[in-house]
Amino acid sequence: MNKGKEAFHNNLYALRLMWQICPGQVWHKAVTRFLGYFEWLFYSAFFMRFVIKALETEQEFSAIMIFIGATVAVFAGISFYYSYVNGMVIPVTSIIVNRELSKKLFRKARNVELSCYEDHEFYNKYTLAMEKADERLIETVDVIWGIVFGVTASVAAFLFLFEVDKYAVLFVGFPVLGNFCFNKVLGKIDFERNKDMVPYNRRIAYVNRVMYMTDYAKEIRLTNAFALMRRNYREAVQGLMQCAHKYTKKGMIFHWLRVIFTFSFIFEGLLIYGAYRALVSHTISLAELSVITSMMVSTTWILIGFTESLMKGFKNGLFVWNLRTFLEYEEAIPEDYEGEDPGKEIQSIAFHNVSFCYKDKQVLHNLSFEIRGGKTYALVGHNGAGKSTIIKLLMRFYDPTEGEIFCNGRNIKEYNLQKYRALFATAFQDCRIFSLSVLENVLMQKEEEGDRERVEEALRLAGVYDKVMSLPKGMDTVLTKEFSEDGEVLSGGQYQKIGVARAFVRQCPIKIFDEPSSALDPISEYQLFDNMLKSSKEKTVLFISHRLSSVQNADWVFMLENGTVQEEGTHYMLMKRQGIYADMYKKQAENYLAVSSTEIDKGIFACVSSLQAMERHGYNYEKGVK
């Protein structure tokens, strides 16, 4: 599809979208554009000709005044309509457009899969689609009507001028050439310049954002990060300057040619031509000269308005393309997927030969394991072993590259996604706190009867209840100072506890904790895991932890390495095996305890000897566990 045809389809899409959102504004934009061109044509083609001819033919003064009075009344009515549209209709309908378009964009943003936000190109399209989307959509519709009525008015102006003087229409070719040819080249230059400036503008926007965000304030004040940011800012500005200089000479030449052809040749040229015919050859009257002059001005501005609308239509085509691409994107894992109802219980979850690649890098390889309902499971391993990826696949943020994941014996792809995810209560180590009350941050939904008691219990289990109740408004205290001067800012560990409380408050058959204690001290960590296990005795619990001291009470442990399960069993079984898990546990113990590796080995040896003695008496660790 060529660029012209693509721009046409994109602008047509914008018109349809605007009609769905707010048909009233579409109508008013069309009417105002029509009346704008009508005024130009009426004044030059009808009003001036009537008045001059009436004076030449010595018509009655009263007839002339009636015509002028009627014209004034019509134009006063048009002016009142303009005031009504600009003062009332546009402000109100613009709010409606903003609301409805934002709904569509937010709904789509929530429905696309998580990987889209990690895709550089897709994220760029999303940000470009969101940036002043309502204003640009309104402008696009206005431009479309400018093109539609502009071409009609241009043809009409050409015919009227031809009627007055068939040779005068030749001068119309100059603004056509100036606007269609040179303005088109200027549009291409402008597009290429803006495209080259995008990476530099993004760097500048990043620096501007970082400099006033609370998250970066401490580091900027305690380090030389400001100097680094300033260097990046200067380099980006220098890049913008280079882009500007690159296109300056070419742009200046074509801009000069556009002005000469659009204004000078038709204004001065047609005026000289008319003056010659009126004063030298005496082939037209002064009255006809005034009509030609008036038509010249009107025709020029009509053509300029039309061609500017046309050029804007091509430019806006890029914005509409980004908007259209985003809204028409077909989700690989749509959030609103309608599938089978998974029920309310989880008997089993199984990974069968699951592999997953992220941007051509294999994260999981031929992974297989099973989780049964009512037990506590731990995923452990070094950074990059694939633990968090397993959670993301289980929650269907991604789908496996190979293999299948089953819940209650059925592939999770068969289930209604929202109902399936409702089976899980999750707490992530990188949870985000919203500028909402503590209560709303825990519930993550509108408050209902009985919710306050459940939130209190969740905050107690998470170990942050006393801190919350010491705040000025207790659970109703707004967190962060984003929108409220009375907002409270808590520590990273306290925020993490509130994130963990989200998992405690939800009544779900399985609870997932992804590094829930990464920002906590050892005592808080112990209390958190103790509460986690006590409160979930009849639930299925799956948690990730780097600290193996918190894993000892899990019913079953999966030790991951290089994207697959290397070892599995109870804590004592894995210690007995003296493999990767035992080695990792021993090294962590060396760091936490003031003992030597020899002393730890003696302790492990004593533990293993006791286990072996118990085995000789018939004790089975695997029975009823896995």
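Which helix holds both Glu192 and Lys195, and how many residues apart are they? In this predicted model, the two lie in helix α6, which covers residues 173–212, and they sit three residues apart, or about one turn of the helix. An α-helix has 3.6 residues a turn, so residues three or four places apart point the same way. The side chains of Glu192 and Lys195 do come together in a salt bridge, with N to O at 3.5 Å. Glu192 is partly exposed at 30% relative accessibility, and Lys195 is partly exposed too, at 45%.

A second pair turns up in helix α18 (residues 580–592), where Lys587 and Asp583 are four residues apart and therefore separated by about one helical turn. Their side chains meet in a salt bridge of 3.3 Å, N to O. Lys587 has a relative accessibility of 47%, so it counts as partly exposed; Asp583, at 33%, is also partly exposed.

These pairs belong to a wider set, as the structure holds 17 salt bridges. Among them is the one between Glu100 and Arg99, whose closest N and O atoms are 2.8 Å apart. This pair is part of a network of salt bridges that links Arg99, Glu100 and Lys103. Arg99 itself is partly exposed, with 45% relative accessibility. Side chains of opposite charge can pair when their charged atoms come close.

The surface also has a nonpolar side to it. Val151, Val155, Phe158, Leu159 and Phe162 make up a nonpolar surface patch, and together they offer about 440 Å² of accessible area. One of these residues, Phe162, is placed in helix α5, residues 133–164. Phe162 has a relative accessible area of 44%, so it ranks as partly exposed.

Turning to the strands, four of them make an open sheet in the order β2-β1-β4-β5, with antiparallel pairing. At the edges are β2 (361–372) and β5 (410–411), each of which pairs on one side only. Strands of a sheet pair through backbone hydrogen bonds, either parallel or antiparallel. Strand β1 (residues 348–358) runs antiparallel to β2, and eight bridges join the two. Within this pairing, Phe356 stands opposite Leu364 of β2, while Val354 has Leu367 of β2 as its bridge partner. The connection between β1 and β2 is a hairpin with two residues between the strands, and Lys359 in the turn takes a positive phi of about 55 degrees. β1 is also joined to β4 (residues 402–407), again antiparallel, this time by five bridges. Here Phe351 is matched with Ile405 in β4 as its bridge partner.

What about the stretch leading into β1? Lys344 sits in the loop between α9 (286–327) and β1. With 71% relative accessibility, Lys344 counts as exposed. Even so, Lys344 has partners from elsewhere in the chain: setting aside neighbours within four places in sequence, it is in contact with Leu423 and Pro509. Lys344 and Leu423 are 79 residues apart along the chain, yet their C-alpha atoms are separated by 6.8 Å.

Helix α10 (residues 387–394) is a different story in terms of cover. Six of its eight residues are buried, so the helix is largely enclosed by the rest of the structure. The buried residues are Lys387, Thr389, Ile390, Ile391, Leu393 and Leu394. Just after α10 comes Arg396, which takes a positive phi of about 60 degrees.

Arg396 also links this region to another helix. The side chain of Arg421 reaches the backbone oxygen of Arg396 at a distance of 2.8 Å. Arg421 is found in helix α11, residues 417–421. Is Arg421 buried or exposed? Its relative accessible area is 13%, and since buried means under 20%, Arg421 counts as buried. Leaving aside neighbours within four places in sequence, the contacts of Arg421 are Glu335, Met395, Arg396, Phe397 and Arg506.

Technical notes: Residues are numbered from 1 along each chain as its sequence is written. This is a predicted model: local features need pLDDT of at least 70, side-chain atom pairs count only at pLDDT 80 or more; totals for chains, interfaces and linings use all residues. Side-chain values use heavy atoms; hydrogens and water are left out. Patches are made of residues with over 30% relative accessible area and no salt bridge: like charges are joined within 9 Å, nonpolar side chains (Val, Leu, Ile, Met, Phe, Trp, Tyr) within 5 Å. Accessible areas come from the Shrake-Rupley method with a 1.4 Å probe; for residues, only the protein chains shown count as cover. A salt bridge is a side-chain nitrogen of Lys or Arg within 4 Å of a carboxyl oxygen of Asp or Glu. Buried means under 20% relative accessible area, exposed over 50%, partly exposed in between (1.4 Å probe, protein chains only). A polar contact is a pair of N or O atoms within 3.5 Å; within protein, one must be able to donate a hydrogen and the other to accept it, and residues adjacent in sequence count only if both atoms are side-chain atoms. Contact means heavy atoms within 4.5 Å. Two strands pair if DSSP finds at least two bridges between them.
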